[in-house]
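Colleague: Mind if I pick your brain about this one? I'd like to have it on screen before we start.

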2 protein chains.
Amino acid sequence: MVKAERIRIYDVARVAGVSVATASKALNDTGRMTEETRKRVKQTAAALGFRPNAMARALTQQRSFTIGLLTNDTYGRFTLPVMAGVSEALVDQGVSVFLCGIEDDAALARLHLDAMLDKQVDGIIATGKRIDRRLPVDLSHLPVPVVYAFTEGPDDAVTLVSDDAQGAREATEWLAQTGRMSLVHITGPESFASVTARAGAFRAVAGQGAQVLHGSWSESWGHEAIAKLWDGDVPRPDGIFCGNDQIARGVVDALRERGVDVPGEVSVIGFDNWEIVAAATRPPLTTIDMNLKELGREAGRLILDLAEGKPVDPGIRTLPCKLVLRQSCCGDAIAVHNQGEALQES
Amino acid sequence: MVKAERIRIYDVARVAGVSVATASKALNDTGRMTEETRKRVKQTAAALGFRPNAMARALTQQRSFTIGLLTNDTYGRFTLPVMAGVSEALVDQGVSVFLCGIEDDAALARLHLDAMLDKQVDGIIATGKRIDRRLPVDLSHLPVPVVYAFTEGPDDAVTLVSDDAQGAREATEWLAQTGRMSLVHITGPESFASVTARAGAFRAVAGQGAQVLHGSWSESWGHEAIAKLWDGDVPRPDGIFCGNDQIARGVVDALRERGVDVPGEVSVIGFDNWEIVAAATRPPLTTIDMNLKELGREAGRLILDLAEGKPVDPGIRTLPCKLVLRQSCCGDAIAVHNQGEALQES
DNA sequence: GGGAATTGAGAAACCGTTTTACCGATAGTG
DNA sequence: CACTATCGGTAAAACGGTTTCTCAATTCCC
């Protein structure tokens, strides 16, 4: 740590032989002056390694180039990609992100919120681990704009969610297109909005009679569900769409243990594309990716627009999910699908 | 979003019938005045909902109550608990944390670093996913203090790491104490400092002849290693200590598939206490927890001390790991161990 | 050639606090 | 009673920039 005196605009002005006002205008490309003067100031600033004090600047400009990211997803499975996207979208605009982890603790949330407002954030992005739950703090009536990403906000808010129905549709359609006739959906608790959205889309494609099994979001529920399906005297499915990758992993493991070939006899598709689970499954899971990083990027762009006073329509914005093919599902078709992607990209 | 005019200290002063200077001093418990005046100012401030503008304050105090957290662990497995700890230690001191994800990208790192320095952070915590790798940016000679947490820094830096050797020792000793005679260590690539540290400690307890198998950090390596041990004509171990939970999960799965009872015939211990892996394993994994959240807390405390100019000894601080007992290891002993913990806590 | 418009730049005000220096009034002292 | 401390509080100068206003010197126009 070296306490080098920071160069102030005053120093730049003195060295360049102009007033502080002129220096400021030169560096910000505002005001009027000879192109020569402007250039000279800029050069001396660069030579001196001048970097404006962001706080001083914020004080006059009423703009801190800082936003707050409020999340209750301590575990970070959903929040992390969102954060990465937000940060990525903002860093080259010179905007920094305050991270505030609040674990469903209203007092803690309030503490963080106040700290951020005191620090004059230009906006707040609220994000959570569940699309149909609100953070434990009221963010309406704040003096700064708010964007809700992957968490529920007021009706008139700017909200970003991933398209559960479309993702489920893609998965189910893929199973159908690759010749699977008898489909089942094994998913989480009915109380989750995303569960009913996905189940609805599944039924719309697979037929209203198609079976949907609700349980917990765990591997063990995947095992249990397979036990139910295989040990009972119900007809066995040849295509299984799971509500998340953990359930899917449980399902694949259970099938292997019963000697059922995946994807030979049964295709399995998961949801979330949680690398660590999807890639470690044997065989690796075909799954739905919610594009959370892109969701984060979009949230970053929106909060920036709002902070700059640009008009942004309130309402819910739905971002599409993407099917990610791996071996748990119709091995042969993968090449074709990927080829299609490659062609689209080129 | 409601653009309510923010109350300034000027307003408080006017309403309380004092000068701005007096108001400031009253609110900060500095200067001299009647206790009555101080109280009156505080009350009107509270009544008006006055919150000081942190930027204006930072400008005079040369202290922004803001720190930066630089990390190259995009995936977040190690960083997330550290972040949570840092944040927790700082939030009630009014310090906010800038999150900067830099993915081994030197230019990006520089960008974030400059943005943070411009914003006058009081300090920087550098953290990574690997204890023996440096971030792609030089943080020495900065005008602010730096603490390195779970990543390598210069020799004279303040550095925090978890005690790999002690953790490995605890695991191995536990295996030995619970009657396991023939121990093996299945771990990651030798190029990792933590691997050699853990392997060294393992050998120190298990005997220099004890076998150590190096591979990748994956479940599949766990399977492979078990194949090597069980299919060869080498003596089979009855206690396996793994370099991380993923390997351990692979090991447990492979043993189950071979009909080997865990923990009946073989005890397995992992490393990392990565809930999602450790808890989903059948049986759940006994493992070593690196106490990363506490490491984060300590990093927060240290950077705060440094920011306040308190003296902090440079050098490497080692934080102990903790054995977390689950069913993959000597079921009977768990009650006893946990009872001991409960007694210690009370 | 004289008045108006434009140009280039600087002085000063401002952003919202904290802090230093100062000042009148009261209290204490010999 | 004159003489100094102490007390309670204020005015003004920072902090490091941006922005508005002003102004002298030029250029333009008829």
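Colleague: Let's start in a sheet: which residue in β5(B) stands opposite Tyr148(B)?

Modeller: In this predicted model, helices and strands are DSSP runs numbered from the N terminus (H or I over at least four residues for a helix, E over at least two for a strand). β4(B) is joined to strand β5 (residues 158–162) of chain B by three bridges, and the two run parallel; strands pair if DSSP finds at least two bridges between them. Across from Tyr148(B), in β5(B), stands Thr159(B).

Colleague: Before we go on, which pLDDT do side-chain atom pairs need to count?

Modeller: Residues are numbered from 1 along each chain as its sequence is written, with chains lettered from A and ligands numbered from 1 in the order in which they are written. As the model is predicted, totals for chains, interfaces and linings use all residues, local features need pLDDT of at least 70, and side-chain atom pairs count only at pLDDT 80 or more.

Colleague: Back to β4(B), then. Which residue there is the bridge partner of Ile124(B)?

Modeller: On this side the neighbour is strand β3 (residues 123–127) of chain B, joined to β4(B) by four bridges in a parallel run. The partner of Ile124(B) in β4(B) is Val146(B).

Colleague: And which residues of β4(B) point the other way from Val146(B) and Tyr148(B)?

Modeller: In a regular strand the side chains alternate between the two faces of the sheet. Strand β4 (residues 146–149) of chain B has all four of its listed residues buried, where buried takes 20 or more other C-beta atoms within 10 Å, exposed 12 or fewer, partly exposed is in between, and the C-beta atoms are placed from the backbone. Val146(B) and Tyr148(B) point one way, and pointing the other way are Val147(B) and Ala149(B).

Colleague: What about the β7-β6-β8-β9 sheet in chain A: how large is the average twist from one strand to the next?

Modeller: It's an open sheet of four strands with parallel pairing, and its edge strands, β7 (211–214) and β9 (267–269) of chain A, each pair on one side only. Angles are taken between N-to-C directions, from 0 to 180 degrees, with axes fitted to C-alpha atoms (for helices, over the stretch in contact). From one strand to the next, the twist averages 15 degrees.

Colleague: Within that sheet, which residue in β8(A) is the bridge partner of Leu183(A)?

Modeller: Strands β6 (residues 183–187) and β8 (residues 239–242) of chain A pair in the parallel sense over four bridges. The β8(A) residue bridged to Leu183(A) is Gly239(A).

Colleague: Now the dimer: why can I call this a two-fold axis?

Modeller: Two copies of a chain are related by a rotation about an axis and a shift along it. Chain B goes onto chain A with an RMSD of 0.1 Å, by a turn of 180 degrees and a shift of 0.0 Å along the axis, superposing by least squares on C-alpha atoms of residues with pLDDT of at least 70 in both copies. That relation is the one of a two-fold axis.

Colleague: Which residue of chain B comes closest to the rotation axis?

Modeller: Its C-alpha sits at 2.3 Å from the axis, and the residue is Phe98(B).
The chains also share that surface, as 100% of the contact residues of chain B recur in chain A. So much for the extra; the name you wanted is Phe98(B).

Colleague: Which element gives the most to the side of chain B that touches chain A?

Modeller: Counting contacts as C-beta atoms, placed from the backbone, within 7 Å, 45 residues of chain B meet 46 residues of chain A. At least two residues each come from α4, α5 (79–91), β2 (96–101) and α6 (106–118) of chain B. With six residues, the top contributor is α6(B).

Colleague: On to the DNA. Which element gives the most to the surface near DNA strand C?

Modeller: "Near" means a C-beta atom, placed from the backbone, within 6 Å, and 27 residues surround DNA strand C, with Ala21(A), Met33(A), Ala21(B), Ser24(B) and Ala56(B) the closest. Giving the most, with six residues, is α2(B).

Colleague: And which element gives the most to the surface near DNA strand D?

Modeller: Here 29 residues surround the strand, and among the closest are Ser24(A) and Thr22(B). Six residues come from the element that gives the most, α2(A).

Notes:
Two residues are in contact if their C-beta atoms, placed from the backbone, lie within 7 Å.
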